[in-house]
Amino acid sequence: MDDVLEETSEIFRTASGEFQLRGLCLDVFGSALTTDIRGLKHAGVDGEVFYHRELAPNWEGLSQEERAQKIDQFIELSHMLGQEETDENPSDQFLQLVATVHVKVLLLAWAYDRTYSYMDRLFNGPLQYRAHRYRIAGGRV
């Protein structure tokens, strides 16, 4: 998943630096590279539905602090689900819940990091460190 997310870090950024979580969600669901995504798609969940039902309420219109709190809550829920005692054949509903929480945590945390990370802003934001460094080094970096 990390390779998929890293490749998208610039594709889904607006000129103002805001990371476009909806676009990332649609891209991740379109590629279906993980077991969790494939399971959700098999259950009839597509990227648009997932974004509007699971991500948008926990992202759109929220402050940085509120977004961080939501992510922390979902991480805690993921941990609780991981501790759940299940028989050797957990129900499809349980597996879908686990997949939903895992994908939600990954996408929200990635968008949060891409939106608020200092290093990301340094390299890709208004400072354009990477571009300036390249220009100063005469294209040799």
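Q: Contact here means heavy atoms within 4.5 Å; leaving aside neighbours within four places in sequence, which residues is F50 in contact with?
A: In this predicted model, F50 is in contact with C25, F29, L40, V45, L55, T100, V103 and K104 once its neighbours within four places in sequence are left aside. Each of these residues therefore has a heavy atom within 4.5 Å of one in F50.

Q: Is F50 buried or exposed, and how do you know?
A: The relative accessible area of F50 is 0%, and the limit for a buried residue is under 20%, so F50 counts as buried. F29, at 3% relative accessibility, falls under that limit too and therefore also counts as buried.

Q: What makes F29 and F50 an aromatic pair, and what kind of pair is it?
A: The ring centres lie 5.2 Å apart, and rings pair if their centres lie within 6.5 Å, so the distance criterion is met. The planes are at 40°, which is neither under 30 degrees, as stacked would require, nor over 60, as edge-to-face would require, and the pair is therefore tilted. This pair links distant parts of the chain, with F29 in helix α2 and F50 in helix α4, 21 residues apart.

Q: Why is the pair formed by the rings of Y112 and Y116 described as it is?
A: The centres of these rings are 4.6 Å apart and their planes stand at 55°; since that angle lies between 30 and 60 degrees, the pair is called tilted. Y112 and Y116 are four residues apart in helix α6, which means that about one helical turn separates them.

Q: Which residues have the most contacts inside the largest nonpolar core?
A: They are L21, F29, F50, L55 and L107, in a core of 28 residues. The elements giving two or more residues to this core are α2, α3, α4, α5 and α6, and α6 gives the most, with ten residues.

Q: How do you know that R22 forms a salt bridge with E48?
A: The closest N and O atoms of R22 and E48 are 2.8 Å apart, and a salt bridge requires a distance within 4 Å, so the pair qualifies. The bridge joins helix α2, which holds R22, to helix α4, which holds E48, across 26 residues of sequence. R22 has 38% relative accessibility and E48 has 27%; because both values lie between 20% and 50%, both residues count as partly exposed.

Q: What links R53, E54 and K104?
A: A network of salt bridges links the three residues. E54 bridges to R53 at 3.1 Å and to K104 at 2.6 Å, and both distances are within 4 Å, so both pairs count as salt bridges. E54 in helix α4 and K104 in helix α6 are 50 residues apart. E54, at 13%, and K104, at 7%, are under 20% relative accessibility and so are buried, whereas R53, at 44%, counts as partly exposed.

Q: Why is T115 called buried or exposed?
A: The relative accessible area of T115 is 12%, which is under 20%, so T115 is buried. T115 belongs to helix α6, and a polar atom of its side chain lies 2.7 Å from the backbone oxygen of A111.

Q: What makes the charged end of R67 count as sitting over the ring of W59?
A: The charged end of R67 lies 3.7 Å from the centre of the ring of W59, and the distance limit is 6 Å, so that part of the criterion is met.

How values were computed
Residues numbered from 1 in each chain as written. Predicted model: local features only at pLDDT ≥ 70, side-chain atom pairs only at ≥ 80, totals over all residues. Heavy atoms only, no water. Buried < 20%, exposed > 50% of the residue type's maximum accessible area, 1.4 Å probe, protein only. Polar contact = N/O pair within 3.5 Å; in protein donor to acceptor, adjacent residues only side chain to side chain. Salt bridge = Lys/Arg side-chain N within 4 Å of Asp/Glu carboxyl O. Core = buried A, V, L, I, M, F, W, Y, C linked by side-chain atoms within 4.5 Å. Phe/Tyr/Trp six-rings, centres within 6.5 Å; stacked < 30°, edge-to-face > 60°. Lys NZ or Arg CZ within 6 Å of the ring centre and 35° of its normal.
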